[in-house]
Amino acid sequence: DIVSVGFVDVSERVATETALHRLRNDVAHADRISTMGVMTATIVHEIRQPIASILNLAHAALRWVGRPEPDLAAVKSSLEDIQSAGNSVRDIVTRLHGMSSAKSQLRARCSVNELVEETAAFLRAELSRRQVKLSVQLDSYLPLASLDRVQVQQVLVNLMMNAAQAMADAHCWSRTLLVRTRALDASIHVEVEDSGPGVPPETRERLFDGFFSTKPGGLGLGLRICRSIIEDHGGELVYVSKASAGSIFRFSLPTGS
């Protein structure tokens, strides 16, 4: 009897795959930072409101304490409100830090509906500034999915901001953005639909190509990164044409066991 043993050195291939994975994460991180730069006004607005509330409540508490007969009940109420506003600031900073982090979070089972609501709340001021009316339709029976919250939120932010910018650049008189979730065939489908000018047929096949962009000055990496993130989660991201004006971008996420 003869036993043949062969050895194949795959260290170079593994090193190449590791380098590509690191490069993809770096590019995705750069895209997140770029998107946050576009939303600077929204970030400032999110932080300014609770800080202004904290200052007003602190002044009110000092006035209540400075009275000849301090109203301790009013002071207690002001301090509780200050604590609540402080928690809001902390949550905002934590969320921004999570989005700007270069590190990919561990995947965990979570609610896609909650992620959509969180993203919608985060973008509401920016969408309002662009005169975009946001509508959210959530499937109340949506199962949980195993995902990286930061990465999937990056996809949502990118798709929603792309839609808002397309409608604003086209000077659409009716600017409606709809985000819809539904469960279908052991997967979760998320649709981002707008009432913008749509995508010309001759460019649809290249939408997800690297370095192809329909926006002036665009790098053409946003949609490519979004598709890569969704495919890495075992789903797919596609463009769906509409009979009427506008576009639909739909991505799916497997629910798993």
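Trainee: What pattern does the chain follow, read along the sequence?
Mentor: Keep in mind that this is a predicted model. The chain has 7 helices and 7 strands. Read from start to end, they follow the pattern α-α-α-β-α-β-β-α-β-β-α-α-β-β.

Trainee: In what order do the 5 strands of the open sheet come?
Mentor: The pairing in this sheet is mixed. E2 and E4 (residues 176–184), for instance, pair in the parallel sense over 5 bridges. Across the open sheet, the order is E2-E4-E5-E7-E6.

Trainee: Why is one side of E2 and one side of E6 left without a neighbour in the sheet?
Mentor: Look at where E2 (133–137) and E6 (237–241) stand: at the edges of the sheet. One side of each lacks a neighbour because each has a single partner strand.

Trainee: Which residue in E4 is the bridge partner of Gln137?
Mentor: Start from the pairing of E2 with E4, which is parallel. Gln137 has its bridge partner in E4, and that residue is Arg180.

Trainee: Which helix lies across E2, E4, E5 and E7?
Mentor: Helix H7 (residues 222–232) packs on the sheet too, but it touches E6 and E7. The helix you're after runs at about 175 degrees to E2. It spans residues 112–129, and it's H4.

Trainee: What share of the contacts with a separation of 6 or more comes from residues 24 or more positions apart?
Mentor: Contact here means heavy atoms within 4.5 Å. Among contacts with a separation of 6 or more, residues 24 or more positions apart account for 71%.

Trainee: And how much of the chain is buried?
Mentor: Buried means under 20% relative accessible area. Out of the 257 residues in the chain, the buried ones make up 40%.

Notes
Residues are numbered from 1 along each chain as its sequence is written. This is a predicted model: local features need pLDDT of at least 70, side-chain atom pairs count only at pLDDT 80 or more; totals for chains, interfaces and linings use all residues. Side-chain values use heavy atoms; hydrogens and water are left out. Two strands pair if DSSP finds at least two bridges between them. Helices (H or I, at least four residues) and strands (E, at least two) are DSSP runs, numbered from the N terminus. Axes are lines fitted to C-alpha atoms, for helices over the stretch in contact, and angles run from 0 to 180 degrees between N-to-C directions. Buried means under 20% relative accessible area, exposed over 50%, partly exposed in between (1.4 Å probe, protein chains only).
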